[in-house]
Amino acid sequence: MKTGTPEAGRSSTGAERAGRDSSPSGTVAVEARGLTKLFGTNRAVDDIDLTVMEGEIFGVLGPNGAGKTTMLNMLATLLPIDSGEARIFGYNVRSQGHAVRQLIGVTGQFASVDENLTGRENLWLFGRLQGLSSKRAHSIGDDLLAQFDLAEAAHRPISQFSGGMRRRLDLAASLITRPALIFLDEPTTGLDPRNRSQMWDTIRDLVAEGSTIMLTTQYLDEADALAGRIAVIDRGRKVAEGTPSQLKTQIGTSSLRVQMAEGADTAKAVALAAELTRVTPIVSPTGSGFSVTLSDANQAADVLIALRNHQLDITSTTVEQPSLDEVFFALTGHTSETRIPETEVSQS
Amino acid sequence: MTATMTNPITTGRPAARTVKASVPVREALTQITTLAWRALIKMSRNPEQLVDVTFMPVLFTVMFGLMFGGAVSGSTAHYLPTLIPGIIAMTTITACVAAGIQLREDMDKGVFDRFRSLPIARIAPLAGPMLADLARYAIAAGITLTVGVIMGYRPGGGVPGVLAGVVLAVITGWSIAWIFLWIGTRARSVGAVQGMSMMIMFPLAFLSNAFVPVDTLPGWLQAVTRVNPVSHVVSALRDLVNDGAVTAQVGWALLGCATVAAIFIPLAVRSYSRQV
């Protein structure tokens, strides 16, 4: 039978644990080396290395089909690892799955709660399954319902829940045993702005209380707002990793945004900007402006002078830190909006 | 198997926890009964799922009794002692098919993803619903007997014989259901489970002595019906319910059920675990 202790000496010692209160500590929560998943010949996850420290929010950023969910499912013991290895708090995901499952909470993209039960019954069910007494399962469930603003809906069947309520209940169900590590797969996809910011607050609260969070997102602003560190995943491969500001500086010091005047030749302006900066500018969705990352802020003047010399009128311009959109574009050669055909196979 | 070791990991606020190498038997039993509770709630909120154990037995008992009674036994009244145990066996087996379909439906839903991610016994999501399904088999047997009595059937085994018959039916249902549960873990869609289950359910129920005396069949078919465990279940039911007699057939029936369970429980659990 599998052993009940972590295999490697990667976990913290008792001395390190003593007196630890703030995050991140020195304990490694997730460690993956050469993580790979094949679906036929498609390398859905391709040789990914990751290290997540205890107490941090680690963001996995990538477009649809990049392999984020597949990677998360492998780390959460939901999908077999084809090659490479992963450890959660020192426990081998491949060989010590039962130990790993005791340390993690998983909230998937699709609400994994029982449609036939009420909110309260769901939480009771998952509490009981994890060894709580009936009474304790009820009291923890009720606390969570109150905390997640679901108390009024406690006795309603899930089928009458709104999308935001389902997400909240789903997250609540992952927190019953206060797992040390929480996997959140696109926690805000499909939520309205109000629910989205509520979810962000909840995620920050969890980390403040000592949990470690690994979340996937296809929203650059979400990764920027929540994550201490981000791995950018594209077509199964990790293309970059770092803090949001590291990623931004990796691309360039700043970016120039230009709004063209009506009737001005945007295409020509973009060509000029590309020539001067040697970077492909991103044309705005309306086609009436563009933005381009600059390796040197002085290039902004060069571009604007060139536009003036060619009688290309502008209505406004700003120079700012590059957005993660531009980071993503610079790293992968396509914007995060690019919809790659859905190859991300969710397990089931 | 219940080795508990102190886990060197704690989190800030979340309480220090111990990580167990496996699920202790007592916890596994709690998980199974908890999931049985879930299945019973589901049943009570979707009463249409009980059609196969409520209306079907009524329909089959009335239909077969009136249609075949004269042809097989001279009259409906004479046919009932042969027919009722046969219908009990058949409706129980029909009710089993739902086990595989329900499992497939469940596995395709989000809630099963959560079961997979929880540190629970691997067999619990299979064994829980199986426990709840015992109620379905009891309902099927009970309704068949009730309709039979209304039509004039008088079980000679009395109350003990009838109760023993119901228990045997429930045991049979539980054992045979593992076949369909296994199919449920193998097939890709609910439709496929349904199709494959029908192909197994019909020969199992009809290539037996459930509705007709075996000696009217061609020789090779008689051989088939003799190895079919359902025939032994039907014979045992007749002995118990009609005569109140615990005969060798009861032993053969139980042995048949045990054999089916011994083969298909490991198959179902392994196939389920592989998909986890």
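## Helix 2 and the open sheet of chain A

Helices and strands here are runs assigned by DSSP, a helix having at least four residues and a strand at least two, and they are numbered from the N terminus. The structure is a predicted model. In chain A, helix 2 covers residues 68-75 and lies across strand 1, strand 2 and strand 4. The angle between helix 2 and strand 1 of chain A is about 120°.

Strands 1, 2 and 4 of chain A belong to an open sheet of 4 strands, arranged in the order 2-1-4-5 with antiparallel pairing. Strand 2 (42-53) and strand 5 (91-92) of chain A each have a single partner strand, so one side of each has no neighbour in the sheet. These two strands are the edges of the sheet. Further in, strand 1 (residues 28-39) and strand 4 (residues 83-88) of chain A run antiparallel and are joined by 5 bridges. Across this pairing, Val30(A) stands opposite Ile88(A) of strand 4.

## Strand 3 of chain A

Strand 3 of chain A takes in residues 57-61, and 5 of its 5 residues are buried, so the strand is largely enclosed by the rest of the structure. Its side chains are divided between two directions. Ile57(A), Gly59(A) and Leu61(A) point one way, while Phe58(A) and Val60(A) point the other way; residues of both sets are buried.

Strand 3 of chain A has parallel pairings with strand 8 and strand 9. With strand 8 (residues 212-217) of chain A the pairing runs over 5 bridges, and Leu61(A) has Thr217(A) as its bridge partner there. With strand 9 (residues 229-234) of chain A there are 4 bridges, and in that strand Gly59(A) is partnered by Ile230(A).

## Two packed helices in chain A

Helix 4 (residues 119-129) and helix 6 (residues 163-174) of chain A pack with their axes 9 Å apart, at an angle of about 20°. Angles under 35 degrees count as roughly parallel, and the two helices are therefore roughly parallel to each other. Their crossing is right-handed. On the side of helix 4 of chain A the contact is made by Gly119(A), Asn122(A), Leu123(A) and Phe126(A). Helix 6 of chain A contributes Leu169(A), Ala172(A) and Ala173(A).

## Domains of chain A and a residue in helix 12

The domain assignment divides chain A into domain 1 (14-103 + 179-248) and domain 2 (253-321). The C-alpha centres of these two domains of chain A are 36 Å apart.

Phe328(A) is part of helix 12 of chain A, which covers residues 324-332. Phe328(A) counts as buried because it has 28 C-beta neighbours inside 10 Å, and the cut-off for a buried residue is 20 or more. Phe328(A) and Leu220(A) are 108 residues apart along the chain, yet their C-alpha atoms are separated by 8.5 Å.

## Chain B

Chain B contains 10 helices and 2 strands. In sequence order the 2 strands are followed by the 10 helices, giving the pattern β-β-α-α-α-α-α-α-α-α-α-α. The C-alpha trace of chain B spans about 80 × 35 × 35 Å along its principal axes.

Chain B has 276 residues, of which 47% count as buried. Among its contacts with a separation of 6 or more, 76% are between residues 24 or more positions apart.

Methods: Residues numbered from 1 in each chain as written. Chains lettered and ligands numbered in written order. Predicted model: local features only at pLDDT ≥ 70, side-chain atom pairs only at ≥ 80, totals over all residues. Buried ≥ 20, exposed ≤ 12 C-beta atoms within 10 Å, placed from the backbone. Contact = placed C-beta atoms within 7 Å. Domains from an automatic or database assignment. Pairing = 2+ DSSP bridges. Axes fitted to C-alpha atoms, helices over the stretch in contact; angles between N-to-C directions. Parallel < 35°, antiparallel > 145°, perpendicular 65-115°, else oblique. Left-handed = near helix turned anticlockwise from the far one by under 90°.
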